[in-house]
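Biologist: Hi! I'm new to this one and would love a friendly tour. Could you put it up on the screen for us?
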Amino acid sequence: MPDSGLYSLNDVRRDLRLPEQHVAMRKIVHVDMDVFYASVEQRDDPTLRGRPVVVAWRGARSVVCAASYEARRYGIRSAMPALRAERLCPEAVFVPPDFARYRSVSEHVRGIFARHTKLIEPLSLDEAYLDVTQNRQGLPSATDVARSIRASIREELSLTASAGIAYNKFLAKIASDWRKPDGLFVIRPERALDFLTPLPVARLPGVGKVMEQKLAALGLTTIGELRNTGREDLIHHFGRSGARLNELANGIDLQPVCSERLTQSISSEDTFERDLSMGELLPKIAELTERVWQLAARESRIARTIVLKLKTSTFRVLTRSETPSHFPTSADELEQIAVALTTRVDLPADTRFRLVGVGISGFVERSWEKQRELDLGSLATHRQPSQGDESGDSLGATTSRSWITDV
Ligand SMILES: [Mg+2]
């Protein structure tokens, strides 16, 4: 690969032996509702309009689910501890999240998407990718589809959404953020490389703080610098991730919009600086369940199984799981079950642990769960403990979804 920045998509396609349609022919729209939860709250309660609104539960460990633009002016952001938000803006109005309401708005938005395409990949309640290469209304361009969607959301829901349009998913997502709020931005294939060149590497999907630091150590801070680094060099440093970085820096992302992709599990785990006793794990389990609970609330489906994962100081991995007849209805209930699973760990009392994780899996449609409740009767409480698994690492592949999303 040449090291020059003068490198067209066609060159990239040829070098990577990609069929043309993978590079330039798809039309992808990324739609992202603007500060979704906070906007729904302000829409439904006129007294909240124009005021700094923070959607968060009260509590020492609570984090901000969403902040209105007025609150963001004080530096309040999603996923920030609620106590910190309170300090930043004491006059902020704190509203507890009402996920049932957000979910119903989200379903309406998905109905609007479905008028245009069946290829919809939701990322959360307020974001989705749409492949509109073929669109149901036969609109000539993806931009027309995005305009129509934004207009429908405004007219039918009195809410705003930002849209990004590009020939692949990652560029569409960058584009939707570009004119936020209430914006629309198109990245055309022939402009993609110039557009990416000056952007910081952290704009690329999968480049978090750690990767950003590693790249900075190599003198790579912009996507252009990344592109000018040879593919082989990046593979040398980062293996498969290096190959992916090279493709992204060249504006390539082959991942299709995948309407069947559903969350398989949600989990959160914590590795400690020093090994902890079982007793010391309990507050950690509380933190992790809170996190998992907040993530789970964004799903349209609910999970059936709760999993506890432990890794001892000697690197032995244990998981214990439970499938209660009803999924917990609060973070506290989830925590109780996770804590109860620790009693099924039969290890010497002086065992120390280097990691604990909490996860949920076995997602089912809510309607299915309702039916099941009816079948079982509301008082059914029997549990179906599963066999523990000594070697499996079922939570090892933590879902890549971030719980910091509503921005
Ligand atoms: Mg959003």
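Biologist: Thanks! Let me jump right in: which are the buried residues of H15?
Modeller: Happy to help, and keep in mind that this is a predicted model. The buried residues of helix H15 are Ala 331, Leu 334, Glu 335, Ile 337, Ala 338 and Leu 341. Around the axis they take up an arc of only 165°, which puts them on the same side of H15.

Biologist: What do the buried residues of H15 pack against?
Modeller: Their partners are helix H14 (278-296) and the strands S10 (305-312), S11 (317-324) and S12.

Biologist: And how far apart are the end C-alpha atoms of H15?
Modeller: They are 17 Å apart. H15 covers residues 331-342, and its twelve residues should span 16 Å at 1.5 Å a residue, so the two values agree.

Biologist: I also spotted Gln 336 in that helix. Is Gln 336 partly exposed or buried?
Modeller: Gln 336 counts as partly exposed, because 14 other C-beta atoms lie within 10 Å, while a buried residue needs 20 or more. Its C-alpha is 8.8 Å from that of Ala 286, and the two residues are 50 apart in sequence.

Biologist: Let's step back a moment. How many helices and strands are there in the protein?
Modeller: There are 16 helices and 13 strands. The protein has 407 residues, and 38% of them are buried.

Biologist: What share of the contacts comes from residues 24 or more positions apart?
Modeller: Such pairs make up 64% of the contacts with a separation of 6 or more.

Biologist: Can you give me an example around S12? I'm curious which residues Arg 354 is in contact with.
Modeller: Sure. Arg 354 sits in strand S12, which runs over residues 353-361. Not counting neighbours within four places in sequence, Arg 354 is in contact with Thr 271, Phe 272, Asp 275, Lys 311, Thr 312 and Ser 313. The C-alpha atoms of Arg 354 and Glu 273 are separated by 7.8 Å, with their positions 81 residues apart along the chain.

Biologist: How many other C-beta atoms are within 10 Å of Arg 354?
Modeller: There are 17, so Arg 354 is partly exposed.

Biologist: New topic: H7. Which of its residues are buried?
Modeller: Ala 142, Val 145, Ala 146, Ile 149, Arg 150 and Ile 153 are the buried residues of H7. Looking down the axis of H7, they fall within an arc of 130°, so they line one face of the helix.

Biologist: What covers that side?
Modeller: The cover includes strand S1 (28-33), helix H6 (99-114), strand S7 (161-166) and strand S8 (184-186). On the face turned away from the buried side, H7 carries the exposed residues Ala 151 and Glu 155.

Biologist: How many residues does H7 have, and how far does it reach?
Modeller: H7 has 16 residues, 142-157, and reaches 22 Å from its first C-alpha to its last, close to the 22 Å expected.

Biologist: What comes just after H7?
Modeller: Ser 158 does, with a positive phi of about 50°, although Ser 158 is not a glycine. Ser 158 lies in the loop between H7 and S7, and it counts as exposed because 11 other C-beta atoms are within 10 Å.

Biologist: Which residue in the loop between H4 and H5 should I look at?
Modeller: Try Ala 79, in the loop between helix H4 (69-72) and helix H5 (82-88). Its phi is near 75°, again a positive value in a residue other than glycine. Ala 79 has 16 C-beta neighbours inside 10 Å, so it counts as partly exposed.

Biologist: Where is the cis peptide bond with an omega of about -5°?
Modeller: That bond joins Lys 180 and Pro 181. Pro 181 is in the loop between helix H8 (169-178) and S8.

Biologist: Last one: at what angle do H12 and H13 cross?
Modeller: The axes of H12 (residues 231-238) and H13 (residues 240-249) cross at roughly 145° and come within 6 Å. The crossing is right-handed. Residues making the contact include Leu 234, Ile 235 and Phe 238 of H12, and Ser 241, Ala 243 and Leu 245 of H13.

Biologist: How do the residues of that contact divide?
Modeller: They split into five nonpolar, four polar and one charged.

Key. Residues are numbered from 1 along each chain as its sequence is written. This is a predicted model: local features need pLDDT of at least 70, side-chain atom pairs count only at pLDDT 80 or more; totals for chains, interfaces and linings use all residues. Helices (H or I, at least four residues) and strands (E, at least two) are DSSP runs, numbered from the N terminus. The expected span of a helix is 1.5 Å times one less than its number of residues. A residue is buried if 20 or more other C-beta atoms lie within 10 Å of its own, exposed if 12 or fewer, and partly exposed in between; C-beta atoms are placed from the backbone. The arc is that of the directions from the helix axis to the C-beta atoms. Two residues are in contact if their C-beta atoms, placed from the backbone, lie within 7 Å. Axes are lines fitted to C-alpha atoms, for helices over the stretch in contact, and angles run from 0 to 180 degrees between N-to-C directions. A crossing is left-handed if the near helix is turned anticlockwise from the far one by less than a right angle, and right-handed if clockwise. Ala, Val, Leu, Ile, Met, Phe, Trp, Tyr, Cys and Pro count as nonpolar, Asp, Glu, Lys and Arg as charged, and the others, Gly among them, as polar.
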